[in-house]
Amino acid sequence: MDWTDLQHFLALAREGTLSAAARSLDVDHVTVARRVAALEASLSLKLVDRRPRSYELTEDGKRIAKIGTPMTDTAFAVERAVQASKSGIGGDITISAPPSLANILIAPKLIRLRQQHPGIRIKLIGEKRTASLNRREADLALRLSRPTEPGLIARKIGYFEFALYGSPDYLKTTPPHAFAFVAYDSSMDEAPQQRWLMRFAASREIVLRTNDLENQAAAARTGMGLAALPKFLGEADSLLERHDIGGRPVGREVWLVVHRDLRRTPTIRAVAGFIEDCLA
């Protein structure tokens with residue numbers, strides 16, 4: 001049995017789909033499928049039922065996944081121990097953050113980190129999903145709520161507010177009772193900013209729903225309607241104007257998260273300090 005084949009199968013069992021497993025391993029889905037087939041051949045055991053749109057674990061597959069999962073956890077623990085033992089500042093560090101924070105607050109300032117610590121190589125992932133620090137999908141993460149997973153250390157490092165923004169022409173020519181709105185899709189219905197927007201919109205029209213904040217801002221710039229955007233995005237955009245509605249604004253906390261095994265590593269501490277400065 002090839003450990004790498006087992007690793008790919010366990011990722012499939014954990015993530016549920018070929019594409020998600022491939023993303024977690026930073027490979028393509030064809031590689032995951034090939035590795036799973038190779039494991040089945042080496043074990044002479046059928047581990048998955050291949051259906052037109054999905055892979056389903058067989059009973060044997062579920063049993064092997066349950067046995068093999070602690071091996072994966074141990075392998076990740078070994079990787080963290082190796083990283084934590086390094087005394088110098090340098091090497092590869094992966095940062096996971098919501099796309100707007102990654103694109104607007106972190107990426108434009110990475111040159112400062114490069115100038116201060118040229119030995120550090122950053123992989124910056126702007127993604128909506130929550131990257132697993134336990135599985136080394138990221139070394140540091142920014143999250144908008146305090147994590148509950150075991151083994152993680154979190155520190156609140158920031159807070160930002162939302163406001164309604166539209167194009168200046170739209171706000172000038174459209175009376176409030178005729179406002180239309182740009183909102184998130186149903187995947188974000190529980191987000192505080194979405195609930196705040198929907199309460200204000202009431203029975204007025206939602207003309208666009210999208211899970212991408214940049215798409216919301218782009219639509220608002222063209223005069224489609226008002227969007228609830230972070231102030232750090234809206235205030236810096238000359239094509240957007242804030243529409244104040246009074247009352248207490250909605251906001252989100254920003255938490256910096258690291259695995260407890262790595263929190264004292266010099267490189268992690270250096271990058272964590274840089275991220276805090278980005279949000280200052």
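How many of the seven residues of strand β3 are buried? I looked this up before anything else, and I found five of the seven, in residues 91-97, so β3 is largely enclosed by the rest of the structure. Buried here means under 20% relative accessible area, exposed means over 50%, and partly exposed is in between (1.4 Å probe, protein chains only).

**Ground rules**

I am working with a predicted model, where local features need pLDDT of at least 70, side-chain atom pairs count only at pLDDT 80 or more, and totals for chains, interfaces and linings use all residues. Residues are numbered from 1 along each chain as its sequence is written, and side-chain values use heavy atoms, with hydrogens and water left out.

**Entry 1: the overall picture**

I listed the secondary structure and got eleven helices and eleven strands. Helices (H or I, at least four residues) and strands (E, at least two) are DSSP runs, numbered from the N terminus. I noted that the C-alpha atoms fill a box of roughly 70 × 50 × 30 Å along the principal axes. Of the 280 residues in the protein, 43% are buried. I also looked at contacts, meaning heavy atoms within 4.5 Å. Among those with a separation of 6 or more, 71% are between residues 24 or more positions apart.

**Entry 2: following the strands**

I went back to β3 and asked about its partners. Two strands pair if DSSP finds at least two bridges between them. β3 runs parallel to β4, joined by seven bridges, and Asp 92 has Arg 121 in β4 as its bridge partner. β3 also pairs with β5 in the parallel sense, over two bridges, and there Ile 95 stands opposite Leu 140.

Leu 140 led me onward, for this residue also stands opposite Val 258 in β11. β5 and β11 run antiparallel and are joined by four bridges. I then checked β11 with β6 and found nine bridges, again antiparallel. One of the partners here is Glu 253 in β11, matched with Tyr 159.

Is β11 enclosed or not, and how many of its nine residues are buried? I found eight of the nine, in residues 251-259, so β11 is largely enclosed by the rest of the structure.

**Entry 3: aromatic rings**

I searched the whole structure and found four aromatic pairs. Rings of Phe, Tyr and Trp (its six-membered ring) pair if their centres lie within 6.5 Å; planes under 30 degrees apart count as stacked, over 60 as edge-to-face and the rest as tilted. One of the pairs is Phe 160 with Phe 162, which is tilted, at 5.4 Å centre to centre and 50° between the planes. Another is Phe 160 with Phe 232, which is edge-to-face, at 5.3 Å and 75°. This second pair links distant parts of the chain: Phe 160 is in strand β6 (residues 152-166) and Phe 232 is in helix α10 (residues 231-234), 72 residues apart. I wrote down Phe 160, Phe 162 and Phe 232 as one aromatic cluster.

Are these three rings' residues buried or exposed? Phe 160 is buried at 10% relative accessible area, Phe 162 is buried at 3%, and Phe 232 counts as buried at 19%.

**Entry 4: helices that cross**

Two packed helices are described by the angle between their axes and the distance between the axes. Axes are lines fitted to C-alpha atoms, for helices over the stretch in contact, and angles run from 0 to 180 degrees between N-to-C directions. Angles under 35 degrees count as roughly parallel, over 145 as roughly antiparallel, 65 to 115 as roughly perpendicular and the rest as oblique.

I found the axes of α2 and α3 coming within 8 Å and crossing at roughly 100°. That makes α2 roughly perpendicular to α3. The contact includes Leu 18 and Ala 22 of α2, and His 29 and Val 32 of α3.

For α1 (residues 3-15) and α4 (residues 59-84), the axes come within 9 Å and cross at roughly 110°. They are therefore roughly perpendicular to each other. Among the residues in contact are Trp 3 and Phe 9 of α1, with Gly 61 and Met 71 of α4.

**Entry 5: two backbone oddities**

Most residues other than glycine have a negative phi, and most peptide bonds are trans. I found that Asp 26 has a positive phi, near 60°. Asp 26 is in the loop between α2 (18-25) and α3 (29-43), and is exposed at 60% relative accessible area. Arg 136 also has a positive phi, of about 60°. Arg 136 lies in the loop between β4 (120-126) and β5 (140-143), and is partly exposed at 25%.
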